[in-house]
Amino acid sequence: MGRTKNFAEVIRAKIASSRELAEAIKREAVYSEVAQKVYDLRTQAGLTQQELAEQIGVRHSVIARLEAADHEGHSLKLLVQIAEALGCNLRVEFDETPALQL
């Protein structure tokens, strides 16, 4: 009887065999990171989504969508407004390491 692969091995093999899947995962990781950072900063500031929304002049639903890990509509202008409302600076970086090559 052969050895059973664990879940991580199966996922790594699928990612390695599909450039499209690898790129989608990389993209989703960025969206998730932005969502988590906005949530963390907002809660550290002691603000509700509604309070933050009011501070920057948008609807509550805009903040709720932004904090959803699967939201793809991040606007640089909105992120700058959020950073200012939370008393911090926004820094955008481009990672110059080579993209995944399959």
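Here a trainee and a mentor talk through why certain labels are applied to this predicted model.

Trainee: Let's start with the overall build. What helices and strands does the protein chain have?

Mentor: The protein chain has 5 helices and 0 strands. Read from the N terminus on, the elements run α-α-α-α-α.

Trainee: How do you know whether the protein chain matches a compact globule in its radius of gyration?

Mentor: Set the two values side by side. A compact globule of 102 residues would come out near 13 Å, but the protein chain has 18 Å. The C-alpha trace spans about 60 × 30 × 20 Å along its principal axes.

Trainee: And how much of the protein chain is buried?

Mentor: Buried residues make up 20% of the 102 residues. The accessible surface comes to about 7800 Å², and 53% of that belongs to carbon and sulfur atoms.

Trainee: Good. Now to single residues: why is R42 called buried?

Mentor: Buried means under 20% relative accessible area. R42 has 7% relative accessibility, so R42 counts as buried. You will find R42 in helix 2, which covers residues 19-44.

Trainee: What is R42 in contact with, leaving aside its neighbours within four places in sequence?

Mentor: The list is L47, T48, Q49, L52, I63, E67 and L86.

Trainee: E67 is on that list. Why does E67 count as buried?

Mentor: The cut-off is again under 20%. E67 is at 14% relative accessibility, and therefore counts as buried. This residue lies in the loop between helix 4 and helix 5. Not counting residues up to four places away in sequence, E67 touches A35, V38, Y39, R42 and Q49.

Trainee: What makes R42 and E67 a salt bridge?

Mentor: The rule asks for a side-chain nitrogen of Lys or Arg within 4 Å of a carboxyl oxygen of Asp or Glu. The side chains of R42 and E67 meet at 2.5 Å, N to O, so the pair fits that rule. The pair also links distant parts of the chain, since R42 in helix 2 and E67 in the loop between helix 4 and helix 5 are 25 residues apart.

Trainee: How many salt bridges does a search of the whole structure find?

Mentor: The search finds 2. Besides R42 and E67, the side chains of R91 and E93 meet in a salt bridge, at 2.7 Å from N to O.

Trainee: Are R91 and E93 buried or exposed, and why?

Mentor: Exposed means over 50% relative accessible area. R91 has 68%, so R91 is exposed. E93 has 56%, so E93 is exposed too. For contrast, R42 is buried at 7% and E67 is buried at 14%.

Trainee: Where does R65 fall, and why is R65 called partly exposed?

Mentor: Partly exposed is the class between under 20% and over 50%. R65 is at 43% relative accessibility, so partly exposed is the label for R65. R65 lies in helix 4.

Trainee: Let's go to the core. Which residues form the largest nonpolar core?

Mentor: The largest nonpolar core has 12 residues: V38, L47, L52, A53, I56, V62, I63, L66, L78, L79, I82 and L86. Helix 3 (49-56), helix 4 (60-66) and helix 5 are the elements that give two or more residues to this core.

Trainee: V38 is in that core. How do you know that V38 is buried?

Mentor: V38 has a relative accessible area of 6%, and buried means under 20%, so the label holds. V38 is found in helix 2. Not counting residues up to four places away in sequence, V38 touches L66, E67, L79 and I82.

Trainee: Last one, on the surface. Which residues form a nonpolar patch there?

Mentor: L76, V80, L90, V92 and F94 form the patch, with about 510 Å² of accessible area together.

Trainee: Why does V92 count as exposed?

Mentor: V92 has 55% relative accessibility. The mark for exposed is over 50%, so the value passes. V92 is found in the segment after helix 5 (76-85).

Conventions:
Residues numbered from 1 in each chain as written. Predicted model: local features only at pLDDT ≥ 70, side-chain atom pairs only at ≥ 80, totals over all residues. Heavy atoms only, no water. Patch = residues over 30% accessible without salt bridge, like charges linked within 9 Å, V, L, I, M, F, W, Y side chains within 5 Å. Areas by Shrake-Rupley, 256 points an atom, 1.4 Å probe, with all protein chains shown as cover. Helix = DSSP H or I, 4+ residues; strand = E, 2+ residues; numbered from the N terminus. Buried < 20%, exposed > 50% of the residue type's maximum accessible area, 1.4 Å probe, protein only. Core = buried A, V, L, I, M, F, W, Y, C linked by side-chain atoms within 4.5 Å. Rg over C-alpha atoms; globule rule 2.2 N^0.38 Å. Contact = heavy atoms within 4.5 Å.
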